[in-house]
Amino acid sequence: MDALETLNRKFADCEGLEFIKIGDLTLAKIDTPLAQATVAVQGAQIIEWKPADEDQLVVWRAKEPAYEAGKSVRGGVPVCWPWFGNHPSLTMAHGFVRFKDWILMNAQCDPEGQVHMHWRITDDAESMALWPHRFELDVIMHIGTELRIQLVTHNTGDEPFSITQGLHTYLNVGDTRSTVIRGLEGGYYLDKLKGFARTPQDDLITITGPMDRIYFGTTHTVEVEDAEFNRVIVVSKEGSHSTVVWNPGENVPSGMRPEESRNMVCVEAVNAADDTISIAPGERKILGTTISVRSMG
């Protein structure tokens with residue numbers, strides 16, 4: 001019995017959940033009265049999500065993503081851990097767990113149509129060579145009319161360690177030129193495109209070109225007003241004091257076309273730069289994000 005058949009048999013009682021194969025990757029396909037979503041076993045990565053009554057995706061994915069082993073699918077919610085951004089000595093950005101297959105510990109489907117998934121990964125020889133710490137890492141997903149994701153870090157070793165991390169959430173918008181982001185005004189950000197210059201955010205955020213910003217002192221909810229699709233995407237979070245807002249402009253990374261950047265913006269719950277998390281032996285820390293959507297007006 002292959003891995004795909006094993007998963008489908010193990011979770012056969014979970015109505016609306018099916019495991020399929022696209023390219024190199026095994027995916028959980030979710031289709032219930034409340035939501036449609038896709039989750040990759042590699043990286044425990046949400047690939048796309050929308051409530052059932054929405055015509056358009058809320059969590060964005062590229063139109064023609066590559067489903068290749070060892071590469072993140074462009075879009076969705078990649079898990080960045082145990083470092084966010086570039087590493088001082090390794091060429092691997094955003095950590096290593098997004099490239100590894102996770103174990104689906106449990107999946108439950110409510111009669112109403114909400115799907116709960118619990119994914120886990122632990123240290124091994126490969127991870128110890130990159131980052132020499134013992135850990136148990138869980139991703140808890142609640143997939144329904146809203147999407148809730150929790151990343152739970154457990155230090156299973158004898159020494160404390162520090163991490164940066166992120167839930168790299170891609171949001172689908174009709175047109176970035178008519179999109180406004182509320183909730184981060186009044187603070188400041190580090191502008192990665194200008195040498196990490198500290199810059200005040202006095203007004204609402206509009207997207208007029210490429211941006212890569214880390215906002216600090218941000219624990220509250222952010223709203224993305226999407227005039228083209230006549231809706232507001234609401235992003236709340238826990239365990240995070242920094243928020244990344246990113247759009248590549250026309251200089252897009254691999255896995256997407258230049259014109260697709262007008263249909264996405266990342267609003268990410270992170271612990272990045274100086275917002276480092278220290279975890280004592282035996283301790284657990286949670287980073288979470290919840291995404292919902294409502295009509296404008």
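These questions and answers cover salt bridges, burial and strand pairing in a predicted model.

Local features need pLDDT of at least 70 and side-chain atom pairs count only at pLDDT 80 or more, while totals for chains, interfaces and linings use all residues. Residues are numbered from 1 along each chain as its sequence is written, and side-chain values use heavy atoms, with hydrogens and water left out.

Q: Why is the pair Asp 124 and Lys 100 called a salt bridge?
A: A salt bridge is a side-chain nitrogen of Lys or Arg within 4 Å of a carboxyl oxygen of Asp or Glu. The closest N and O atoms of Asp 124 and Lys 100 are 3.2 Å apart, so the pair meets the definition. A search of the whole structure finds 18 salt bridges.

Q: What makes Asp 124 and Lys 100 a tie between separate parts?
A: Their positions do. Asp 124 lies in the loop between β7 (115-122) and α2 (125-130), and Lys 100 in the loop between β5 (79-80) and β6 (103-109), so the bridge links parts 24 residues apart in sequence. Helices (H or I, at least four residues) and strands (E, at least two) are DSSP runs, numbered from the N terminus.

Q: Is Lys 100 buried or exposed, and how do you know?
A: Buried means under 20% relative accessible area, exposed over 50%, and partly exposed in between (1.4 Å probe, protein chains only). Lys 100 has 15% relative accessibility, so it counts as buried. Its partner Asp 124, at 30%, is partly exposed.

Q: What makes Glu 225 and Arg 182 a salt bridge?
A: Their N to O distance is 2.4 Å, so it falls within the cut-off. Glu 225 lies in strand β18 (residues 222-226) and Arg 182 in strand β13 (residues 179-182), so the pair ties together parts 43 residues apart in sequence. Glu 225 is buried at 17% relative accessibility. Arg 182 is partly exposed at 33%.

Q: Why does the pair Lys 192 and Asp 212 count as a salt bridge?
A: The N to O distance is 3.8 Å. That is within the limit, so the pair counts. Lys 192 lies in the loop between β14 (187-191) and β15 (197-201) and Asp 212 in strand β17 (residues 211-216), so parts 20 residues apart in sequence are tied together. Lys 192 is partly exposed, at 39%. Asp 212 is buried, at 16%.

Q: Which residues do salt bridges with shared partners join into one network?
A: They are Arg 120, Glu 136, Asp 138 and Arg 284.

Q: Why is Gly 166 called buried?
A: Its relative accessibility is 0%, so it counts as buried. Gly 166 lies in strand β11 (residues 165-167). Leaving aside neighbours within four places in sequence, its contacts (heavy atoms within 4.5 Å) include Pro 78, Phe 84, Ala 269 and Leu 287.

Q: How do you know that β1 and β2 pair?
A: Two strands pair if DSSP finds at least two bridges between them. Six bridges join strand β1 (residues 17-22) to β2, so the requirement is met. The two run antiparallel. Glu 18 has Lys 29 as its bridge partner in β2. A hairpin with two residues between the strands results, and Gly 23 in the turn has a positive phi of about 60°.

Q: What makes β2 and β3 a pair?
A: Five bridges join β2 to strand β3 (residues 35-40), and the strands run antiparallel. Lys 29 stands opposite Thr 38 in β3. This hairpin has three residues between its strands.

Q: Why is β2 described as largely enclosed?
A: Five of the seven residues of strand β2 (residues 25-31) are buried, so the rest of the structure largely encloses it.
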